[in-house]
Structures are given as C-alpha cells and as structure tokens.
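I opened this one to see what the coordinates would give me. My notes follow in the order that made sense to me.

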Amino acid sequence: MTIGRNEPCPCGSGKKYKKCCLGSTSTDATPRPSPRFRFEPGSYGGAGRQYMPSAISHEQVSPGEWREHFCLVNPTQCFDHEDDASARAESDLNAAAALRSTGGSDADFAMSLKDKGYVKVEDFRRATD
C-alpha cells in the first residue's frame, strides 16, 4: 500500500504525509492520537477483584521526556486474568488509533474509547513491580 503525498500521514499527526513522515528514515508509522500524547495499555484492579482494561496517557513535556497525564479504565469489562484485560485495552486503543489514521481527530479517538465504556480515573496509582 502506498501513501499519497497529500493524504493524512499514517503516524496520526494530522499533517499531510509530504509535510510529516515522507522524508523520514523512521519506519514507525504507528497511528497515535497526537504527537504530544501516547497511550500505554494495561490493566486496573487486582487479584481477587478482577482486572479492567486501562490506558495511561503520557504527555510529552520536552523532547524525549514524558510524564503520566491521566488514566482511563473500562469498568464495564472485567477479567479474571490481568493479561486478558491488557489485551482488551490494547485492542481498544488500536481501534481508536485506526480512526486517526483515516483522518479522524483527537476527539474521534477519545469518543471511541468513551463509547466502549472508558472513564477517567482521578488520583490513580500505578503498581510497581
């Protein structure tokens, strides 16, 4: 599949391909909601309480430096195994990112997750290994 110069860049930046990744040596054309934000799929919950799909948003604060910005959780989906919840979150994020790669906006990305049942968690705590 070839990308036309005037088509939206598959990286999700919202720019035309010719003004974004056309001359790039990078092969990473993974759709993302915004160059300023990235999402990491995971699970929320714990043993004995079941696990829910989750996504942590990271905001770029300077080149190469990211901070955790907020966490989304889907309480309508519960799994007995952490890996199953993480896989669902990854699938949901990929589906939302696909909207961006076809010309959708950040709002379309967000609404896709909201429509699946994701809600923002205030004062979330990340478990450490």
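**The acidic patch**

I started with D83, and at 62% relative accessibility I have to call D83 exposed, because the bar is over 50%. I should jot down early that I'm working on a predicted model. D83 sits in helix α1, which covers residues 82-101. Which residues form the negative surface patch? I got D80, E82, D83 and D84.

**Over to R49**

From the patch I took D80 and checked its spacing to R49. The two are 31 residues apart in sequence, yet I get 8.2 Å between their C-alphas. R49 belongs to the loop between β1 and β2. Is R49 buried or exposed? Exposed, because its relative accessibility comes out at 61% and the cut-off for that label is over 50%.

Next I looked at Q50. Q50 is in strand β2, and β2 runs over residues 50-62. What caught my eye was the backbone: phi of Q50 is near 70 degrees, a positive value, and this is not a glycine. I put Q50 down as partly exposed because its relative accessible area is 32%, between the 20% and 50% limits.

**The basic patch**

I also went looking for positive charge on the surface. R5, K16, K18 and K19 form a positive patch. K19 lies in the segment before β1, the strand that spans 37-46. With a relative accessible area of 64%, K19 is exposed.

**Salt bridge check**

How many salt bridges does the count come to? The count is 1. I traced a salt bridge to the side chains of R67 and E59, with 2.7 Å from N to O. I then compared how the two partners are covered. E59 is buried, because its relative accessible area is 6% and the limit for buried is under 20%. R67 has 43% relative accessibility, so I list R67 as partly exposed. So I have a buried acid paired with a partly exposed base in this bridge.

**Helix α2**

I picked A110 as my probe here. A110 is in helix α2, residues 106-116. The relative accessibility of A110 is 41%, so partly exposed is the label. I also took the C-alpha distance from A110 to A97 and got 9.6 Å, with their positions 13 residues apart in sequence. A97 falls within the 82-101 range of helix α1, so I read this distance as one between the two helices.

**Whole-chain numbers**

I left the totals for last. What does the secondary structure come to? I count 2 helices and 4 strands. Along the sequence the order reads β-β-β-α-α-β, so both helices come after three strands and before the final one.

The protein has 129 residues, and 32% of them are buried. For contacts, I took those with a separation of 6 or more; residues 24 or more positions apart account for 46% of them. The accessible surface is about 8,300 Å². Carbon and sulfur atoms own 48% of that area.

**Back to the start**

Before closing the file I went over the charged spots again. The acidic patch includes D80 and D83, and the basic patch includes K19. D80 is also the residue I paired with R49 at 8.2 Å. The R67 and E59 pair stays in my notes as a salt bridge.

Definitions and conventions. Residues are numbered from 1 along each chain as its sequence is written. This is a predicted model: local features need pLDDT of at least 70, side-chain atom pairs count only at pLDDT 80 or more; totals for chains, interfaces and linings use all residues. Side-chain values use heavy atoms; hydrogens and water are left out. Patches are made of residues with over 30% relative accessible area and no salt bridge: like charges are joined within 9 Å, nonpolar side chains (Val, Leu, Ile, Met, Phe, Trp, Tyr) within 5 Å. Accessible areas come from the Shrake-Rupley method with a 1.4 Å probe; for residues, only the protein chains shown count as cover. A salt bridge is a side-chain nitrogen of Lys or Arg within 4 Å of a carboxyl oxygen of Asp or Glu. Lys and Arg count as positive and Asp and Glu as negative; His and the chain ends are not counted. The place of a charge is taken as NZ of Lys, CZ of Arg, CG of Asp or CD of Glu. Buried means under 20% relative accessible area, exposed over 50%, partly exposed in between (1.4 Å probe, protein chains only). Contact means heavy atoms within 4.5 Å.
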